[in-house]
Amino acid sequence: MSKPEHVVIIGAGIIGAASAYQLVRAGIQVTLIEPGIPGDEQASSYGNAGWLSSHSVLPPASPGIWMQVPKWLADPLGPLSVRWKYFPRALPWLIRYLSAAWTYPQVERTAQGLRSLLRDAPALHKEMATQAGVPELIEQRGLLHAFLSREEFQKDARAWAIRKNEGIAWQELDADALHALEPDLDTRYTFGVLVPETGSCRNPGAYTAALIRYAQTQGAALTQARATGFRIEQGRLKAVLTDQGEVLCDRAVIAAGARAKVLAQEAGDQVSLETERGYHAVVQAPEASPRTPTMFADCKVIVSPMDQGLRVAGQVEIASTDDTPDWRRAEILRDHLLTLYPTLPRSLSADRLNLWMGRRPSTPDGLPCIGVASGSPDIIHAYGHGHVGLVSSARTGRLVAQLAQGQPPEIPLKPFSPQRFH
Ligand SMILES: Cc1cc2nc3c(=O)[nH]c(=O)nc-3n(C[C@H](O)[C@H](O)[C@H](O)COP(=O)(O)OP(=O)(O)OC[C@H]3O[C@@H](n4cnc5c(N)ncnc54)[C@H](O)[C@@H]3O)c2cc1C
């Protein structure tokens, strides 16, 4: 396949932004189509936890997880909720979700695929951020997992063994070492695991916007529109259709996050993609904070110091993409935060707190869709990154640029085949 003349990227979240970055660096003309402001609140890329967690190689489900689901659903402070009126529509995806991680060999295969995508991610992000003029947004402080006890960590030993097999190293911290590292942390937590190889982003929305700005300085165009489909003639792409008319091009990238499913169908592929909604709460000018971004195994929240304040992120809510947010889910996160760092004030005035809801674009097996479309070799799928879209965006952008130019991809793409759900 020859070098493309004009690539249209549908969606300016972090996946579209990283793809645009790589394509303009290869000297290719790019147009981004995006109905909102790049990196703004409509994108999942705006409000995530900022983890550049190259060790996040496990799928969200795990063998035996189904036994915990009733307990989580019954717990008003639990990490999982379902809008019951949407349940029948989500059921096929939920069944695939559980069955994709039914056995440990399945989880190991997923881990191999994800590791190939995530390896070196912090360094790749640092390089992109530096080129885009925002190196300070990417930090390399490692990430901490906090446990109530060593026994709680050991319950998850199988998962950590899979990480070890993928070459991931960590340091174990007893209570004294944990609290020396994190003096503001609640003393109920007595065991920690620090993963030094991983990084974090202080402001994922600003990072996304900076990459798009960089692409624009290199000649990329940004069109405010919503893509609706493709004009394909004899298998070759002629244009992307939008609500503002068509945009002529010879390649297109579907990077529309949680809204990619309909476009994938237009490109000839039925993919299994659901919205796993998540929330964040940000406390401005916090009185206490972790030094290192921290994941709490018991309540399944991530706490990260960010440019905007102290962000607590998490929750999985299965609901339709356009359903209204249930702000109680974000308030649960806030309440967890106040107990995790007891020197935060018990009540926070509304002007110090921001709440947000985002849409993780999630496949049931935890692997994104990256590859060429069935309907035309000129259309590239790049979505479905679920819980790891920020960290995996750097290599995804490189893969998109390689596919668009007909070059062999730098890692095997079989695990990410968009056709695996057919
Ligand atoms: C609470 C929470 C915490 C998270 N924490 C982390 C983390 O710590 N680390 C990590 O790696 N990941 C994390 N994630 C996941 C990560 O945020 C997502 O996987 C990632 O942002 C997905 O990026 P995207 O570009 O595919 O989608 P998005 O960021 O959602 O961008 C898609 C864009 O496409 C646009 N679009 C949609 N439809 C169309 C259309 N028809 N035409 C044109 N444009 C369209 C949208 O407006 C949007 O701007 C988290 C997610 C959530 C919700």
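Buried means under 20% relative accessible area. That cut-off applies throughout these views of a predicted model.

**View 1. Strand 1, covered on both faces.** Strand 1 spans residues 6–10, and five of its five residues are buried. On one side sit His6, Val8 and Ile10; on the other sit Val7 and Ile9. Strand 1 pairs with strand 2 (residues 29–33). The pairing is parallel and runs over five bridges. Ile10 stands opposite Ile33 of strand 2.

**View 2. Polar contacts to the ligand.** Ile33 appears again here: a polar atom of its backbone is 3.5 Å from a nitrogen atom of the ligand. Glu34 uses its side chain, with a polar atom 2.6 Å from a ligand oxygen. Asn48 also uses its side chain, placing an N or O atom 3.1 Å from an oxygen atom of the ligand. On its own the ligand has 1,000 Å² of accessible area, and the protein covers 96% of that.

**View 3. The shell around the ligand.** The ligand has 36 residues around it. Those that come nearest are Glu34, Ser45, Trp51, Gly386 and Val391. By class, 19 residues of the shell are nonpolar, 13 are polar and four are charged. Elements that each supply at least two shell residues include helix 1 (14–25), helix 2 (44–47), strand 15 (274–283) and strand 19 (353–362). Helix 13 (389–404) belongs to that group too. With three residues, helix 13 gives the largest share.

**View 4. Helix 13, kinked and mostly covered.** The kink is about 35 degrees and is centred on Arg395. Of the 16 residues in helix 13, 15 are buried. Gly406 follows the helix, with a positive phi near 70 degrees.

**View 5. Two positive phi values outside glycine.** Most residues other than glycine have a negative phi. Lys300 has a positive value, near 55 degrees. Lys300 sits in the loop between strand 16 (294–296) and strand 17 (301–306). Its relative accessible area is 35%, so Lys300 counts as partly exposed. Gln315 also has a positive phi, near 75 degrees. Gln315 lies within strand 18 (residues 309–318). Its relative accessibility is 4%, so Gln315 is buried.

Technical notes
Residues numbered from 1 in each chain as written. Predicted model: local features only at pLDDT ≥ 70, side-chain atom pairs only at ≥ 80, totals over all residues. Heavy atoms only, no water. Near = heavy atom within 4 Å. Polar contact = N/O pair within 3.5 Å; in protein donor to acceptor, adjacent residues only side chain to side chain. Areas by Shrake-Rupley, 256 points an atom, 1.4 Å probe, with all protein chains shown as cover. Helix = DSSP H or I, 4+ residues; strand = E, 2+ residues; numbered from the N terminus. Nonpolar A, V, L, I, M, F, W, Y, C, P; charged D, E, K, R; others polar. Bend = angle between axes of the 7 residues up to and from the residue. Buried < 20%, exposed > 50% of the residue type's maximum accessible area, 1.4 Å probe, protein only. Pairing = 2+ DSSP bridges.
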